[in-house]
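Good morning, colleagues, and thank you for your time. I would ask you to look at the structure on the screen while I speak about charged pairs and a patch on the surface.

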Amino acid sequence: SDCEDRLSEFVDYQKILNFYGYQRFGSKRPVTHLIGKALLRRDFKKAVELIVSFTSKYDSKENTEIREKLVDKSNYKKYLDQVPPQMDIERIVLQEMIDHDDAQKAIHAVPLNLRRFYVQAYQSYLFNQTLSAAFTDGEDLFAAQTGDVCYDLHGILGKFIKGLDQH
């Protein structure tokens, strides 16, 4: 019918690439994905540095000032009391570094759900990069391709085979 034709035209227009949003990476300090990358590489020293001293132009002046002082590891003890209470993860990591000077131990003091979130943020970053590259390269991102893993018409997960997608 005429209505169905117009609807399919409308649907064709509504193709939007579904990127992970900026909040996944940190709106004031886009660093979560970088921490996740450091964790996957088991570079705990880098992860600690990113948590306590990574700065961003979107963060407050006060936060940036304290983070700039924390670039120098010898300042950890000196400035711990000046780290605001809302920087709870930074305070945990700093205290562990002051007590033990062991970056891996300091990272393990971060709650597990947050450590997992850092890794998931890096996965999200890689997804966004891959989606961008596929779009730029002209891939058809809106239809299943042979070999894609997806659900069939009966809700069964498997490899997509062109021709078997019809009733």
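Asp101 has a relative accessibility of 48%, so this residue counts as partly exposed. Its partner in a salt bridge is Lys73, and the closest N and O atoms of the two are 2.7 Å apart. Lys73 sits in the loop between α4 and α5, while Asp101 sits in the loop between α6 and α7; the pair therefore ties together parts that are 28 residues apart in sequence. Lys73 is likewise partly exposed, because its relative accessible area is 44%, and partly exposed covers the range between 20% and 50%.

I should say at this point that we are looking at a predicted model.

In general, side chains of opposite charge can pair when their charged atoms come close. How many salt bridges does the structure hold? There are six, and I shall take up two further examples.

The first joins Lys61 and Glu65, whose side chains meet at 3.2 Å, N to O. Both residues belong to helix α4, which spans residues 61-69, and they are four residues apart, so about one helical turn separates them. Lys61 counts as exposed because its relative accessibility is 58%, and the threshold for that term is over 50%. Glu65, at 36% relative accessibility, counts as partly exposed.

The second example is the salt bridge between Arg67 and Glu90, with the closest N and O atoms 2.8 Å apart. This pair links distant parts of the chain: Arg67 is in helix α4 and Glu90 is in helix α6, residues 88-100, with the two positions 23 residues apart in numbering. Are these two residues buried or exposed? Both Arg67 and Glu90 are buried. They also take part in a network of salt bridges, in which Arg29 and Asp59 are linked with Arg67 and Glu90.

Let me turn, finally, from charged side chains to nonpolar ones. Which residues make the nonpolar surface patch of about 360 Å²? The patch is made by Val149, Tyr151 and Leu157. Of these, Tyr151 has its place in strand β1, which covers residues 149-151. Tyr151 counts as exposed because its relative accessibility is 59%.

To review the charged pairs: Lys73 is bridged to Asp101, Lys61 to Glu65, and Arg67 to Glu90. Thank you for your attention.

How values were computed. Residues are numbered from 1 along each chain as its sequence is written. This is a predicted model: local features need pLDDT of at least 70, side-chain atom pairs count only at pLDDT 80 or more; totals for chains, interfaces and linings use all residues. Side-chain values use heavy atoms; hydrogens and water are left out. Patches are made of residues with over 30% relative accessible area and no salt bridge: like charges are joined within 9 Å, nonpolar side chains (Val, Leu, Ile, Met, Phe, Trp, Tyr) within 5 Å. Accessible areas come from the Shrake-Rupley method with a 1.4 Å probe; for residues, only the protein chains shown count as cover. A salt bridge is a side-chain nitrogen of Lys or Arg within 4 Å of a carboxyl oxygen of Asp or Glu. Buried means under 20% relative accessible area, exposed over 50%, partly exposed in between (1.4 Å probe, protein chains only).
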